[in-house]
Amino acid sequence: MTIKTEEFLLNLGPQHPSTHGVFRIILTLDGETVVKAVPVPGYLHRGIEKLAESRTYTQVIPYTDRLDYLAGMLMNWGYVYAVEKLMNVEVPERAEYIRVIVGELARIASHLVATGAYAADIGGLTGFIYTFRDREDIMDLLEMISGARLTPSYMRIGGVAADIPDGFIEKCRRFIDYLPDAIEEYNGLITGNEIFQARTKNVAVLSAEKAIDMSLSGPVLRASGVNYDLRKARPYSVYDRFEFEVPLGTKGDCFDRYYVRLLEMEQSAKIIRQALDQLPEGPIKGKVPKVIKPPKGEAYAEIESSKGIMGTYVVSDGSTNPYRVHFRRPSFVNLGYLDEMLKGWKIADVIAILGSIDIVLGEVDA
Amino acid sequence: MAKGLIKGLGITLKHFFKPKVTVQYPEQRLPLPDRFYGKPEFYYDKCIACNMCVNACPNRVIKLETETVDKKKVVTKYDFDQQYCLFCGLCEEACPKDAIKFSKDFELTRYNRPDIKIEFVQPDQVERKKEEIKKAAAAKAAAEAAKAKEQEEQKPADAGEEGS
């Protein structure tokens with residue numbers, strides 16, 4: 001006798017802690033195995049691109065904080081970089097160095113959240129607490145320099161809002177010196193854990209060709225062994241002056257995606273140390289008119305954010321408000337391959353795979 | 001077999017003997033940096049009603065109304081609708097007189113929605129300012145009158161000299 005079976009639908013989210021926000025996946029399941037996965041983004045859509053059209057160029061900056069709110073500094077940077085390109089503004093050297101310092105700090109903070117949240121997704125909540133303990137130091141640093149923890153609005157068109165405050169450099173150095181110890185702790189606590197490895201190794205292997213085809217970027221792409229980091233491949237700002245490596249994965253499985261982030265943190269710390277050593281004196285804001293009115297035209301600029309390539313496209317019609325702003329959000333693009341990645345895996349692996357892409361819903365939905 | 005697991009447990013065990021990193025919040029508080037954006041503060045006497053903060057705000061949070069007394073602007077209303085505030089600090093940056101500043105007070109929750117809006121300007125402040133301007137204008141007028149009188153007194157003398 002045969003038992004009649006059928007596939008069934010399961011909504012993962014939108015209210016589910018392991019979707020890292022309000023993200024919904026409609027899973028078609030055959031028992032416990034995923035047959036089809038349809039991601040449904042948009043629950044956090046605020047229409048930031050449209051809002052930008054009714055704001056002046058400077059007023060868009062606080063809105064970019066709210067894209068990837070785990071690395072607001074990098075989102076600021078992506079936007080101001082595009083407007084600077086549009087206006088042909090030269091940014092003073094000191095401002096560029098400050099940008100690199102705060103940008104890399106934000107990258108470490110974002111990766112710490114990714115690492116900790118991933119450990120929590122797999123079932124080890126302790127890892128989450130440990131990474132957040134160290135992230136707090138970065139939050140303090142960012143609060144010191146910009147006045148806010150998550151939404152710094154620190155960058156301005158042509159430079160940064162304020163100079164480095166007293167005590168920042170010392171505190172930053174102390175954190176950079178401490179970071180290797182913290183990473184060693186994560187390695188002992190999370191990376192080396194047998195259960196964690198069993199859950200992540202050889203799960204959802206992503207080949208390099210496929211990753212390139214789907215235009216994935218950031219740690220997700222590099223975990224598949226593709227050496228493409230904008231900071232090295234097409235250096236912007238002053239990144240060509242620093243010595244650092246681009247960590248690569250070998251297999252492209254969940255473990256590689258997780259581990260590449262840990263290695264990237266070490267490299268970011270290396271960049272910050274060099275930037276602090278080379279930090280020049282000088283102005284922090286270039287020659288920018290008080291009322292920003294870029295000439296008619298358009299510009300597209302890309303930076304390497306913590307999630308991947310963050311591109312900003314700005315069109316100007318010659319007025320004080322941008323005619324159109326578009327953000328290429330890496331989290332959103334990286335999600336494009338989710339269906340293929342989830343197919344054939346068990347429902348428990350869905351959480352592990354989604355966590356390894358490291359999405360931020362503010363960025364996915366914009 | 002479970003070497004990594006035991007190592008991890010060892011790390012957590014070590015932390016039993018290390019100082020705590022958390023703070024008992026309402027009683028104990030960590031110091032806030034000077035640049036912190038908390039509850040906004042408005043300095044009535046510093047404000048010159050230039051509208052820079054109103055135009056700098058991305059969300060049009062600030063409502064500023066003025067009245068002209070003796071050709072001078074008097075701020076009669078400065079409402080800060082905090083619920084729409086992004087705490088980006090663009091208004092503070094735009095202000096040429098440091099009339100708006102963000103304090104370190106971050107406990108901004110209220111029980112009722114109407115309480116969120118901050119109305120900075122009190123009626124008596126406006127009255128006082130108006131009085132001051134009127135007084136200043138009167139004093140100025142008196143001074144000018146005195147000056148004119150002096151000049152007038154000097155003038156006939158001058159005219160007399162020229163005429164001779």
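Is A:Asp163 buried, partly exposed or exposed, and what is its relative accessibility? In this predicted model, A:Asp163 has a relative accessibility of 29% and is therefore counted as partly exposed, since the buried class is reserved for values under 20% and the exposed class for values over 50%. The side chain of A:Asp163 meets that of A:Arg94 in a salt bridge, with a distance of 3.1 Å from N to O. This pair links distant parts of the chain, as A:Arg94 belongs to helix α4 (residues 93-122) of chain A, whereas A:Asp163 is found in the loop between β7 (159-160) and α6 (168-191) of chain A, the two being 69 residues apart. A:Arg94, at 7% relative accessibility, counts as buried, so that the salt bridge joins a buried arginine to a partly exposed aspartate.

Two salt bridges of chain B were also examined. In one of them, B:Lys104 pairs with B:Asp34, and the closest N and O atoms are 3.2 Å apart. Because B:Lys104 lies in the loop between β4 (100-102) and β5 (118-119) of chain B, and B:Asp34 in the loop between α1 (3-14) and β1 (40-42) of chain B, the pair ties together parts that are 70 residues apart in sequence. B:Lys104 is partly exposed, with a relative accessible area of 38%, while B:Asp34 is exposed, with a value of 70%. In the other, B:Asp79 forms a salt bridge with B:Lys77, for which the closest N and O atoms are 3.8 Å apart. Here the aspartate, B:Asp79, is buried, with a relative accessible area of 4%, and the lysine, B:Lys77, is partly exposed, with a relative accessible area of 29%.

Over all chains, a search of the whole structure finds 33 salt bridges. In chain A, a network of salt bridges links A:Glu104, A:Arg107, A:Arg222, A:Asp229, A:Arg231, A:Glu264 and A:Glu304. As a general matter, side chains of opposite charge can pair when their charged atoms come close.

A further acidic residue was considered through its contacts. A:Asp358 is located in the loop between α14 (347-357) and α15 (361-365) of chain A, and A:Asp358 is buried, its relative accessible area being 4%. When residues up to four places away in sequence are not counted, A:Asp358 touches A:Ser110, A:Ala114, A:Arg261, A:Lys307 and A:Ser331.

Notes
Residues are numbered from 1 along each chain as its sequence is written. Chains are lettered from A and ligands numbered from 1 in the order in which they are written. This is a predicted model: local features need pLDDT of at least 70, side-chain atom pairs count only at pLDDT 80 or more; totals for chains, interfaces and linings use all residues. Side-chain values use heavy atoms; hydrogens and water are left out. Helices (H or I, at least four residues) and strands (E, at least two) are DSSP runs, numbered from the N terminus. Buried means under 20% relative accessible area, exposed over 50%, partly exposed in between (1.4 Å probe, protein chains only). Contact means heavy atoms within 4.5 Å. A salt bridge is a side-chain nitrogen of Lys or Arg within 4 Å of a carboxyl oxygen of Asp or Glu.
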